[in-house]
Amino acid sequence: MKFKILAIGLIILVCGMGTYLSRETPKKFRKPIVISPETLYKVHAVMDGDTFEVVINKNIEKVRMIGIDTPETVDPRKPPQCFGREASNETKKLLTDHFVYLETDPKQNFYDKFGRILANSRRLFQKCLRCR
């Protein structure tokens, strides 16, 4: 009887470890990717007034702009906050189909608690047609 319980426990442990090891490491526990302040990154999408996605090394990464705090619009638990849609629309106008320079702050964490890259961003003022 003890052997059966031990065998079942061992099987559960091995299966559990396989599942655990096969999971992708959450972004907040990954090593930071290399971001160069001289490199242009294509904006893939704008999430809201202070968060957007860029293409880095063929991967889509979310970026949370340092120093920008806009009313929430995408939190499924809450209705959009006052002027949140306006802030989101303005960020979409400024960044959609553009390229940005990103610069992280060495005094802050690379990722926030949601796995977004924390960075300052500067937009290239003209749409860059040659930067693909």
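**View 1. The nonpolar core of a predicted model.** A nonpolar core is a set of buried Ala, Val, Leu, Ile, Met, Phe, Trp, Tyr and Cys residues joined through side-chain atoms within 4.5 Å. Keep in mind that the model shown here is predicted. Its largest nonpolar core has 16 residues, and the members that touch the most others are Phe 52, Val 54, Val 100, Leu 102 and Ile 117. Five strands each put in at least two residues: β1 (40-46), β2 (51-56), β3 (59-65), β4 (99-103) and β5 (117-123). In soluble globular proteins, nonpolar side chains tend to be buried together.

**View 2. Zooming in on Leu 102.** Leu 102 is one of the core members with the most contacts to other members. Who does Leu 102 touch, once its neighbours within four places in sequence are set aside? Part of the answer comes from Ile 35, Ser 36, Pro 37, Thr 39 and Tyr 41. Leu 102 also meets Phe 52, Val 54, Ile 56 and Val 63, and then Ala 119, Asn 120 and Ser 121.

**View 3. Glu 61, an acidic residue tucked into a strand.** Look along strand β3 to find Glu 61. Is Glu 61 buried or exposed? Its relative accessibility is just 4%, so Glu 61 counts as buried. His 44 makes a handy landmark: the two residues sit 17 residues apart in sequence, with 9.0 Å between their C-alpha atoms.

**View 4. Asp 50 in its loop.** Asp 50 belongs to the loop between β1 and β2. With a relative accessible area of 1%, Asp 50 falls under the 20% limit and is therefore buried. Its side chain makes a polar contact of 3.1 Å with the side chain of Thr 51. The side chain of Asp 50 also reaches the backbone nitrogen of Thr 70, at 3.3 Å. Leaving out residues up to four places away in sequence, Asp 50 touches Val 63, Arg 64, Met 65, Ile 68, Asp 69 and Thr 70.

**View 5. Salt bridges, starting with Arg 64.** Side chains of opposite charge can pair when their charged atoms come close. How many salt bridges does the structure hold? There are 5. One of them pairs Arg 64 with Asp 69, with the closest N and O atoms 3.7 Å apart. The partners have unlike surroundings: Arg 64 counts as buried at 17% relative accessibility, whereas Asp 69 counts as exposed at 67%.

**View 6. Arg 77 with Asp 75, and a pair on helix α2.** Arg 77 and Asp 75 join their side chains in a salt bridge of 3.0 Å, N to O. Arg 77 is exposed, at 70% relative accessible area, while Asp 75 is buried, at 15%. Over on helix α2 (residues 84-95), Lys 93 and Glu 90 lie 3 residues apart, about one turn of the helix. Salt bridges that share partners link Asp 50, Arg 64 and Asp 69 into one network, back in the area of the earlier views. As for Lys 93 and Glu 90, they form a salt bridge too, their closest N and O atoms being 3.4 Å apart. Lys 93 counts as exposed at 61% relative accessibility, and Glu 90 as partly exposed at 39%.

**View 7. Two residues with positive phi.** Lys 58 lies in the loop between β2 and β3. Its phi is near 65°, a positive value in a residue other than glycine. Lys 58 is exposed, with a relative accessible area of 82%. Phe 83, in the loop between β3 and α2, has a phi near 65° as well. At 63% relative accessibility, Phe 83 counts as exposed.

Technical notes: Residues numbered from 1 in each chain as written. Predicted model: local features only at pLDDT ≥ 70, side-chain atom pairs only at ≥ 80, totals over all residues. Heavy atoms only, no water. Buried < 20%, exposed > 50% of the residue type's maximum accessible area, 1.4 Å probe, protein only. Helix = DSSP H or I, 4+ residues; strand = E, 2+ residues; numbered from the N terminus. Contact = heavy atoms within 4.5 Å. Polar contact = N/O pair within 3.5 Å; in protein donor to acceptor, adjacent residues only side chain to side chain. Salt bridge = Lys/Arg side-chain N within 4 Å of Asp/Glu carboxyl O.
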